[in-house]
Amino acid sequence: MPTTTRTDTLIRPARDEDGPALNLLDRETWSTLHAVAPPPEPGRPFFDERHPAADILVAKTDGEVVGYVRVARPTPLAANAHVQQIQGLVLAERARGRGVGKALMRAAEDEARRRGARRITLRVLGHNAPARALYASLGYAVEGVLPEEFLLDGAYVDDVLMGRFL
């Protein structure tokens, strides 16, 4: 399933050995623009029972990890097994504006289809205009808003639910 983007970026399923590089990428890119959890701690395992390597697609440029997307079921319920959810899209600063985010999202959609999904959803913070613009350009529509769901850096921020059919 590995694919190459127009920027010579390889997108492939994650491997256990990617964990340290993904952990570092999380720490380098953490911001309240897109994160509601505290900053990741150095040395913590990237993969765990709730976040297995099988749910991650990695983007590599020149042999270096520059991004990833996590795609997984939103719940363990059989009633919505036809839905997959983007549960994180992370790009190194040096990879932004080069089509890598779009390529990761397309790869996540392909993976969701491979898993039998009919729909794909995501949650994005209301103040994250760059991410919202990316998702809208890929056909994701706002399907709901939880007003002032989070308090980040002293400001209330909406949680925006977006989705599309595959």
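1. Does the span of helix 2 agree or disagree with what its 15 residues should give at 1.5 Å a residue? It agrees: the expected span (1.5 Å times one less than the number of residues) is 21 Å, and the end C-alpha atoms are 21 Å apart. Helices here are DSSP runs of H or I with at least four residues, strands are runs of E with at least two, and both are numbered from the N terminus.

2. A quick word on the source: this is a predicted model, where local features need pLDDT of at least 70 and side-chain atom pairs count only at pLDDT 80 or more, while totals for chains, interfaces and linings use all residues. Residues are numbered from 1 along each chain as its sequence is written, and side-chain values use heavy atoms, leaving out hydrogens and water.

3. Now the largest nonpolar core (buried Ala, Val, Leu, Ile, Met, Phe, Trp, Tyr and Cys joined through side-chain atoms within 4.5 Å). It has 39 residues, and Met105, Leu122 and Tyr140 are among those touching the most other members. Elements giving two or more residues include helix 1 (19-29), strand 5 (83-91) and helix 3 (129-137). Helix 2 gives the most, with 7.

4. Back on helix 2, the buried residues (under 20% relative accessible area, 1.4 Å probe, protein chains only) include Val100, Leu104, Met105 and Glu109. Tyr140 touches Met105 and Glu109, and also Ile120 and Met162, among others (contact means heavy atoms within 4.5 Å). Just after the helix, Gly116 takes a positive phi of about 90 degrees.

5. Last, look at Asn80, in the loop between strand 4 and strand 5. Beyond four places away in sequence, Asn80 touches Pro74 and Thr75.

Conventions
Buried means under 20% relative accessible area, exposed over 50%, partly exposed in between (1.4 Å probe, protein chains only).
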